[in-house]
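Let's take a walk through this one together, from the contact between the chains to a few details inside one of them. Have the sequence and the model open as you read.

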Amino acid sequence: MEKKTFNKNKVSDEKLIARFQQGDVQAFDVLVRRYKDQLLNYVFRFVGNRVDAEDIVQETFLRVYKNKHYYKEIAKFSTWVYTIAGNLAKTELRRRKRRRIFSVSNFVNEERDYDIPDIDNNPEQEVDGAITDNIIQRAIDKLPPKFKEVILLRDVQGFAYEEISQILSIPLGTVKSRVNRGRLKLQEDLKFLFENQTSHNE
Amino acid sequence: MNNCDKFQQSFSSYIDGDLTPDSRKHLEGHLELCPRCTETIYRMTRLRDSLLTLPRIKTSAEFEQKLQHYLGYGNRLNMARYPNRQFSWKYPVIGFAVVFFIAGFFMMYSPSHPEVDFNPPTESSFSPNISGQSVNQRDTDKIPATSQPLDTPQEADSLYQNNDLEGGSNNTIKLIKESKNR
């Protein structure tokens, strides 16, 4: 039997999903390998918890697998898969919000833990960098979801405005407006961080 | 809306380089005169750079294996520790059916319900043909009323031994002995 191989640079996502729709499971595996880490980073920044994020990414691929025939080639595969992941992440946030409303812990000052990235060499600079990342993540968490999703897609994932518009099914003008407002809000919340860096640099 | 608020709406486009040359020139003219807006744009640029360089995390080593397991393909040998998402009633139902069948079989042929059908000696009226009745019931109800006195208590004991009667017949022996004494 001829062994099929996929060159990452040659086969597009859309061709892979087309092959998968025709029953080629190997094509699905390639898509999983391509998107698992970038989806994880998107969802992790969205929900702020690594375990939940990995579960959501698993669920995203399960849905892609089960609903493969719903994908139409009019949209990019990345648009489709990010839409699914984003919707699942928003559902998770809504679930948490409901849980907080009925939870006693709502009345206590809740301190949340974040995954601090692995630091191999432990120099002071890297520790400072990890703390800064943590502070930025907390500020992202405080953003309303409609600003958070556009900021993550634009500034963390690096999507074009047009594709964000397709992923979220909102007009291009709304995306630009939300990105601007989200950035303004974030820089206001993180003013102390960048002011300190400014004074160090001077 | 003051002048700064109006310009703020195009800060992101300015940072991303999406402004038309005219709009860009107009905004830069304002920035030369407004240190507050200049500072805001500086912080927004730093923020965008920080977001782009946030550390990237990777999925766990068994991510793909877990996914393949949930989807029902892949290497099943290494997946014993991951619970299967699809619960099947087939095996529990078969298990219960087997257990009930075995339990029913033992209840039907249990030693606690002996099919006692012995023929006593014709001389004695003790224990006429009683089939399928428990020994203890016979002990208490039938024997004293119908039995003839036996010669010795030893005879009574031997009679019980011969008829393969088991524990719980002490009352009967006692009654037989009493009838003998009378």
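What follows starts at the interface, moves on to the salt bridges, and ends at a helix near the start of chain A.

One thing to keep in mind from the outset is that this is a predicted model. With that said, start where chain A meets chain B. The contact draws on 42 residues from chain A and 35 residues from chain B. Put together, the two chains bury about 3,800 Å² between them, and 57% of that area is on carbon and sulfur atoms. Three residues stand out on the chain A side: Gln58(A), Arg183(A) and Phe194(A) supply 16% of the area that chain A buries against chain B, more than any other three residues.

Now for the polar side of things. Between chain A and chain B there are 16 residue pairs in polar contact. Which elements of chain A give two or more residues to the side that touches chain B? They are helices H2 (25-47), H3 (50-66), H5 (124-142), H6 (145-156), H8 (172-189) and H9 (191-201) of chain A. H2(A) gives the most, with 11 residues. If you sort the residues on this side of chain A by type, you get 20 nonpolar, 8 polar and 14 charged.

Some of that charge is worth following across the interface, where 5 salt bridges turn up. Take the one in which the side chains of Arg154(A) and Asp16(B) meet, at 3.6 Å from N to O. This pair crosses between chains, running from helix H6 of chain A to helix H2 (residues 11-16) of chain B. Are these two residues buried or exposed? Both Arg154(A) and Asp16(B) are buried. They aren't a lone pair, either: Arg154(A), Asp155(A), Arg183(A), Asp16(B), Arg48(B) and Asp49(B) are linked in a network of salt bridges. You've met Arg183(A) already, as one of the three residues that supply 16% of the area chain A buries against chain B.

Step back to the whole structure, and the salt bridges over all chains come to 20. Two of them sit within helices of chain A, and they make a nice pair to look at. In the H3 case, Arg63(A) and Glu59(A) form a salt bridge with an N to O distance of 3.3 Å. These residues are 4 apart in helix H3 of chain A, so about one helical turn separates them. Why does that spacing suit a side-chain pair? An α-helix has 3.6 residues a turn, so residues three or four places apart point the same way. Arg63(A) counts as partly exposed, at 37% relative accessibility, and Glu59(A) is partly exposed too, at 22%.

The other example is in helix H4 (residues 77-101) of chain A, where Glu92(A) and Arg95(A) lie 3 residues apart, again about one turn. Their closest N and O atoms are 2.8 Å apart in the salt bridge. Here Glu92(A) is buried, with a relative accessible area of 10%, whereas Arg95(A) is partly exposed at 36%.

Finally, go to helix H1 (residues 13-21) of chain A. Its buried residues are Asp13(A), Glu14(A), Leu16(A), Ile17(A) and Phe20(A). They cover an arc of only 160° around the axis, so they fall on the same side of H1(A). Just after this helix, Gly23(A) takes a positive phi of about 105°.

Key:
Residues are numbered from 1 along each chain as its sequence is written. Chains are lettered from A and ligands numbered from 1 in the order in which they are written. This is a predicted model: local features need pLDDT of at least 70, side-chain atom pairs count only at pLDDT 80 or more; totals for chains, interfaces and linings use all residues. Side-chain values use heavy atoms; hydrogens and water are left out. Contact means heavy atoms within 4.5 Å. Buried area is the accessible area (1.4 Å probe) that two parts lose on being put together, summed over both. A salt bridge is a side-chain nitrogen of Lys or Arg within 4 Å of a carboxyl oxygen of Asp or Glu. A polar contact is a pair of N or O atoms within 3.5 Å; within protein, one must be able to donate a hydrogen and the other to accept it, and residues adjacent in sequence count only if both atoms are side-chain atoms. Ala, Val, Leu, Ile, Met, Phe, Trp, Tyr, Cys and Pro count as nonpolar, Asp, Glu, Lys and Arg as charged, and the others, Gly among them, as polar. Buried means under 20% relative accessible area, exposed over 50%, partly exposed in between (1.4 Å probe, protein chains only). The arc is that of the directions from the helix axis to the C-beta atoms.
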